[in-house]
Amino acid sequence: MNGFRVLLALVAVFATVACCVALFRGYTHHRVRILMWGAMFFAFLTLNNVALFIEVVAVPNVDLRPARVVFTGLGTACLIGGFVWDLLKQQPDRLTQPRA
């Protein structure tokens with residue numbers, strides 16, 4: 001069962017790295033900012049999965065959950081913050097105009 005946990009953690013790391021690389025490559029080719037925000041999210045998710053792998057394989061008696069929660073929170077903040085940033089950049093008077 002421990003071998004399955006190691007394999008699962010490795011697959012998670014490689015999957016998030018692949019998503020991150022694909023999104024960054026898409027951003028460099030097309031310059032669509034949502035790809036950059038998604039790539040940053042997956043970069044933090046990769047750090048989360050690396051911490052999980054270290055927790056499962058290297059030091060199983062150490063709890064790295066707080067670090068993993070921080071990585072996930074930072075990634076989510078980048079993604080949502082990027083969406084809001086781009087929305088406000090496209091429509092700068094959106095917050096200043098009263099609703100009808």
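## Exercises on salt bridges and overall shape

The structure holds three salt bridges. Keep in mind that this is a predicted model.

**Exercise 1.** Find which helices are linked by the salt bridge of Asp86 and Arg33.

*Solution.* Start with the pair itself: the side chains of Asp86 and Arg33 meet with N and O 2.8 Å apart. Next, place each partner: Asp86 sits in helix α3 (residues 65-90), while Arg33 belongs to helix α2 (residues 33-58). The two are 53 residues apart, and the pair links distant parts of the chain.

**Exercise 2.** Decide whether Asp86, Arg33 and Asp63 are buried, partly exposed or exposed.

*Solution.* You need the cut-offs: buried means under 20% relative accessible area, exposed over 50%, and partly exposed in between. Asp86 has 13% relative accessibility, so Asp86 counts as buried. Arg33 has 29%, so Arg33 is partly exposed. Asp63 has 42%, so Asp63 is partly exposed too. As for the partner of Asp63, its side chain meets that of Arg65 in a salt bridge of 3.3 Å, N to O.

**Exercise 3.** Describe the salt bridge between Arg68 and Glu55.

*Solution.* First, the distance: the closest N and O atoms are 2.6 Å apart. Then the location: Arg68 is in helix α3 and Glu55 in helix α2, so the bridge ties together parts 13 residues apart in sequence. Finally, the surroundings: both Arg68 and Glu55 are buried.

**Exercise 4.** Compare the radius of gyration of the protein with that of a compact globule of 100 residues.

*Solution.* Such a globule would have a radius near 13 Å, but the protein has 18 Å. Now look at the box filled by the C-alpha atoms: roughly 60 × 30 × 15 Å along the principal axes. Inside are three helices and zero strands.

Conventions. Residues are numbered from 1 along each chain as its sequence is written. This is a predicted model: local features need pLDDT of at least 70, side-chain atom pairs count only at pLDDT 80 or more; totals for chains, interfaces and linings use all residues. Side-chain values use heavy atoms; hydrogens and water are left out. Helices (H or I, at least four residues) and strands (E, at least two) are DSSP runs, numbered from the N terminus. The radius of gyration is taken over C-alpha atoms; the globule rule is 2.2 Å times the number of residues to the power 0.38. A salt bridge is a side-chain nitrogen of Lys or Arg within 4 Å of a carboxyl oxygen of Asp or Glu. Buried means under 20% relative accessible area, exposed over 50%, partly exposed in between (1.4 Å probe, protein chains only).
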